Amino acid sequence: MYPLKKGKFAPQAHVGIPEGTFEEEHGRKGFYGKSAHLYHAHPPTGWIRFEGKLRPHLFDLNKLAPSDCRDAEGVPVAFLGNDDVTLYVSRRSQPMPFYFRNADGDELYFVHRGKGIIETDFGPLTFEPGDYIVLPRAVTYRVIPETQDNFFLIIQSRTEFDQPDKGLIGHHALYDPGVITTPEPKPNLDDNREWEVRIKVEDELSKVVYPFNPLDVVGWKGDLTVWKINMRDIRPIMSHRAHLPPSAHTTFLTEGAVVCSFLPRPLEQDAEALRVPFFHRNTDYDEFLFYHDGDFSVRTISSRDMRRCIRAAFITVRIRRRWRISIIRRRPTSMRSCWTD
Amino acid sequence: MLDGLNPIHVLPAGEQVEWQEYWASWMDKK
């Protein structure tokens, strides 16, 4: 259908919003599909009452107490889930005394806090805050933290994590694939003890015991492996003249979800460009925000007090089939050096 | 649960750490 224009409207989306109106994008397919822009006389979030399940949610994940926080035999805790993805928090503080293999799905570890090593079939990888670690389904691994106060957000997906098609902006955009780290083989061949592999399927554990260390891979080849990228190596694209939709910040795709990384960046400076907040009904997705660092607040920032930079790093998981959940963790001054630099 | 087609569920652990009145914090302060 040719785009229709009715009443008071802006000729271009996100530019030259009519005086006294609030633009809201009503769109399909996560900012790729059909859309309409509604010009409201009031902010769409200007409610005075909200009843029922559709209300925005906020969770203080620091209060979760997964059993792996104090017990090396413990496990992460799940706090949200649907048919496509399940979100867990792990606070593992001690090396796992067993190996783990997830047959229920692929896993994406986001390291919010902590340093250490993760041993895998393909070899070990070190980890540090800001790391995304992709663990394909059924990879055998073991987390060996070096620090005590650790925090991992784990996204378990029914389908694998892929990189987005970067289209017209080219494959070096967002991050150069050269910053991806993959493990080198490092077999544990001199480990003369029994090892248990715990395999999770349908949320139940099966246990396999070997008289040797099962991470005995002396070499590997192929295009299916463990890999990682750190958030600091993601360089967001931006436009000073036009608001870019959240999909411009996509880092991973699955069949049922999108993971985006929002990093410190200048905001729009053109006099006519839409400022945040960007009101939208992303009707085919629900959104979960996890605040990693910084002082940006999606919902409280206004044109009156807006700063010219987003001084924060956070990720969103946009999950196909519609849920929008926000999680905020503020560290008011922690990104100041980033801004100053 | 926020959708009727493939709903996401707040699991019991999530319910325990949810701030139930969060929605009200979006309202303009008078």
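Student: In β4(A), which residue is the bridge partner of A:Val77?

Tutor: A good place to start! The general idea is that strands of a sheet pair through backbone hydrogen bonds, either parallel or antiparallel. Keep in mind that we are reading a predicted model. Here, A:Val77 has A:Val89 as its bridge partner in β4(A). That bridge belongs to the pairing of β3 (residues 77–81) with β4 (residues 85–90) of chain A, which is antiparallel and runs over 4 bridges.

Student: Which sheet do β3(A) and β4(A) sit in, and what is its strand order?

Tutor: They are part of an open sheet of 7 strands, ordered β14(A)-β9(A)-β6(A)-β11(A)-β4(A)-β3(A)-β1(B), and the pairing is antiparallel. Notice that the last name in that order is a strand of chain B. The edges, each pairing on one side only, are β14 (227–230) of chain A and β1 (9–10) of chain B.

Student: What else should I know about chain B, such as how many helices and strands it has?

Tutor: Chain B has 1 helix and 1 strand. Of its 30 residues, 13% count as buried. For chain A, the tally is 1 helix and 22 strands, and 35% of its 341 residues count as buried.

Student: How should I read a strand inside the sheet, and which strands pair with β9(A)?

Tutor: Follow its two neighbours. On one hand, β6 (residues 106–113) of chain A pairs with β9(A) in the antiparallel sense over 4 bridges; within that pairing, A:Glu107 has A:Leu135 as its bridge partner in β9(A). On the other hand, β9(A) pairs with β14(A), again antiparallel and over 4 bridges. There, A:Val134 is matched with A:Trp227 of β14(A) as its bridge partner.

Student: Why is β9(A) described as largely enclosed?

Tutor: Start with the general rule: in a regular strand the side chains alternate between the two faces of the sheet. Now the case here: β9 (residues 131–135) of chain A is largely enclosed by the rest of the structure, because 5 of its 5 residues are buried. Both faces are covered, with A:Asp131, A:Ile133 and A:Leu135 on one side and A:Tyr132 and A:Val134 on the other.

Student: Which residues have the most contacts inside the largest nonpolar core?

Tutor: The background is that in soluble globular proteins, nonpolar side chains tend to be buried together. In this model the largest nonpolar core has 51 residues, and those with the most contacts inside it are A:Phe79, A:Leu87, A:Leu108, A:Tyr109, A:Ile133 and A:Leu153. The core draws at least three residues from each of domain 1 (22–55 + 236–340) and domain 2 (61–231) of chain A. To see one member up close, take A:Leu87: leaving out residues up to four places away in sequence, A:Leu87 touches A:Ala78, A:Phe79, A:Leu80, A:Gly81, A:Leu153 and A:Ile155.

Student: How many residues of each domain of chain A are in contact with the other domain?

Tutor: Contact is made between 23 residues of domain 1 and 23 residues of domain 2. On the domain 1 side, the elements giving two or more residues are β15 (250–253), β16 (257–262), β19 (285–294), β21 (312–320) and β22 (325–327) of chain A. Among these, β21(A) gives the most, with 5 residues. That side of domain 1 divides into 14 nonpolar, 6 polar and 3 charged residues.

Student: What is the strand order of the open sheet of 6 strands?

Tutor: The order is β8-β7-β10-β5-β12-β13 (chain A), and the pairing is mixed. Its edge strands, pairing on one side only, are β8 (125–127) and β13 (204–210) of chain A. Neighbouring strands are turned by 30 degrees against each other on average, direction ignored. For one pair within the sheet, β5 (residues 99–102) and β10 (residues 140–145) of chain A are antiparallel over 2 bridges, and A:Arg101 has A:Thr140 as its bridge partner in β10(A).

Student: Is A:His240 buried or exposed?

Tutor: Count the C-beta atoms around it: 12 or fewer within 10 Å makes a residue exposed. A:His240 has 11 other C-beta atoms within 10 Å, so A:His240 is exposed. A:His240 lies in the loop between β14 and β15 of chain A.

Student: Which residues is A:His240 in contact with, beyond its neighbours within four places in sequence?

Tutor: They are A:Pro266, A:Glu268, A:Gln269 and A:Asp270. The C-alpha atoms of A:His240 and A:Gln269 are separated by 5.1 Å, although the two residues are 29 residues apart along the chain. As for chain A as a whole, 72% of the contacts with a separation of 6 or more come from residues 24 or more positions apart.

How values were computed: Residues are numbered from 1 along each chain as its sequence is written. Chains are lettered from A and ligands numbered from 1 in the order in which they are written. This is a predicted model: local features need pLDDT of at least 70, side-chain atom pairs count only at pLDDT 80 or more; totals for chains, interfaces and linings use all residues. Two strands pair if DSSP finds at least two bridges between them. Axes are lines fitted to C-alpha atoms, for helices over the stretch in contact, and angles run from 0 to 180 degrees between N-to-C directions. A nonpolar core is a set of buried Ala, Val, Leu, Ile, Met, Phe, Trp, Tyr and Cys residues joined through C-beta atoms within 7 Å. A residue is buried if 20 or more other C-beta atoms lie within 10 Å of its own, exposed if 12 or fewer, and partly exposed in between; C-beta atoms are placed from the backbone. Domain bounds come from an automatic or database domain assignment. Two residues are in contact if their C-beta atoms, placed from the backbone, lie within 7 Å. Ala, Val, Leu, Ile, Met, Phe, Trp, Tyr, Cys and Pro count as nonpolar, Asp, Glu, Lys and Arg as charged, and the others, Gly among them, as polar.
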